[in-house]
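Work through three short exercises. Keep the structure open beside you as you go.

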2 protein chains.
Amino acid sequence: MNDNINKEAEIKKDGFPPTEVLYDLAELFKMFGDSTRIGILCALLNGEMCVYDLAELLGIGQSAVSHQLRLLRASGLVRARKDGKNVYYALDDDHVSSIFSQGMEHVMEGKHGDMA
Amino acid sequence: MNDNINKEAEIKKDGFPPTEVLYDLAELFKMFGDSTRIGILCALLNGEMCVYDLAELLGIGQSAVSHQLRLLRASGLVRARKDGKNVYYALDDDHVSSIFSQGMEHVMEGKHGDMA
DNA sequence: CCAACATATGAACATTTGCTCATATGTTTT
DNA sequence: AAAACATATGAGCAAATGTTCATATGTTGG
């Protein structure tokens with residue numbers, strides 16, 4: 001069949017990820033690219049937490065947290081466990097921790113040795 | 001004075017990054033959270049490139065690339081080197097590579113073993 | 001110096017995003 | 001069963017975002 005549809009793209013790109021992968025990557029990093037969500041992820045590094053406690057820790061509304069948790073779950077970054085009235089969220093991906101710490105290193109380096 | 005303004009926040013947060021750091025982290029990851037920018041960063045993993053070539057590789061306008069490169073440079077992720085008419089951009093942060101590959105792993109895992 | 005080229009930048013515009021508010025769903029307690 | 005509590009969700013809205021278009025700036029070759 002016409003497997004030359006994106007041949008042209010693949011040929012010159014030579015090992016460059018296809019558009020679809022770049023799109024998925026961007027979607028993933030978007031999850032880290034909001035202070036509320038990165039706060040949630042960071043909080044969950046220390047173990048699971050329920051929605052209300054997350055809201056209190058981050059100082060924002062329960063609804064906002066819930067909305068963001070839905071996105072994080074859709075991305076496969078967190079999972080939910082229901083226990084009575086509460087729903088406890090936990091990290092569901094090993095990469096979160098390493099991505100987070102790499103980002104933290106970058107941010108921390110910028111804190112001092114900046115003016116060369 | 002009232003130095004207890006964010007005392008309450010700091011006390012219970014206990015090791016949780018201050019709001020400012022979370023904000024900076026989010027700003028950093030935002031740079032990875034757009035398919036154009038992640039495409040640029042990915043391209044630069046293989047070495048420096050000029051604006052026009054980036055635009056062609058990514059299949060978008062020169063202006064769009066230029067705008068995004070400005071953001072990437074402001075974030076300290078890329079640096080620019082002028083050579084004649086051209087400006088060559090290169091990665092300027094060791095963490096880009098590891099953040100990128102961690103993200104790629106996450107994306108690739110989602111490609112198959114998804115329906116448990 | 002002028003034309004062609006490479007990049008940068010500002011303005012305008014459409015889209016996306018993240019919050020709040022109101023309300024729905026589900027659970028425990030009395 | 002009713003009240004109190006925890007979470008989820010849809011609508012609406014204001015702010016942020018990314019692209020395009022037009023144009024400015026700077027560079028090389030004739």
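A polar contact is a pair of N or O atoms within 3.5 Å. Keep that cut-off for Exercise 1. Note that this model is predicted.

**Exercise 1.** Find which part of DNA strand D lies 2.7 Å from the side chain of A:Ser63. Then study two further side chains of chain A.

*Solution.*
- Step 1. Start with A:Ser63. An N or O atom of its side chain is 2.7 Å from a base oxygen of DNA strand D.
- Step 2. Move to A:His67. Here too the partner is a base oxygen of the strand, at 3.0 Å from a side-chain N or O atom.
- Step 3. Turn to A:Tyr89. An N or O atom of its side chain lies 2.6 Å from a phosphate oxygen.

**Exercise 2.** Describe the protein surface near DNA strand D.

*Solution.*
- Step 1. Count the residues. There are 23 around the strand, with B:Thr36 and B:Gln68 among the closest.
- Step 2. Look at the DNA side. Sugar and phosphate make up 67% of the strand's atoms that come within 4 Å of the protein.
- Step 3. Sort by class. Six residues are nonpolar, ten polar and seven charged.
- Step 4. Find the main supplier. α5(A) gives the largest share, five residues.

**Exercise 3.** Decide whether B:Gln68 is buried or exposed.

*Solution.*
- Step 1. Locate B:Gln68. It sits in helix α5 of chain B, residues 62-74.
- Step 2. Apply the cut-off. Buried means under 20% relative accessible area. B:Gln68 has 18%, so it counts as buried.
- Step 3. List its contacts beyond four places in sequence. They are B:Thr36, B:Arg37 and B:Ile40.

How values were computed. Residues are numbered from 1 along each chain as its sequence is written. Chains are lettered from A and ligands numbered from 1 in the order in which they are written. This is a predicted model: local features need pLDDT of at least 70, side-chain atom pairs count only at pLDDT 80 or more; totals for chains, interfaces and linings use all residues. Side-chain values use heavy atoms; hydrogens and water are left out. Helices (H or I, at least four residues) and strands (E, at least two) are DSSP runs, numbered from the N terminus. Buried means under 20% relative accessible area, exposed over 50%, partly exposed in between (1.4 Å probe, protein chains only). Contact means heavy atoms within 4.5 Å. A residue is near a molecule or strand if one of its heavy atoms lies within 4 Å of it. A polar contact is a pair of N or O atoms within 3.5 Å; within protein, one must be able to donate a hydrogen and the other to accept it, and residues adjacent in sequence count only if both atoms are side-chain atoms. Ala, Val, Leu, Ile, Met, Phe, Trp, Tyr, Cys and Pro count as nonpolar, Asp, Glu, Lys and Arg as charged, and the others, Gly among them, as polar.
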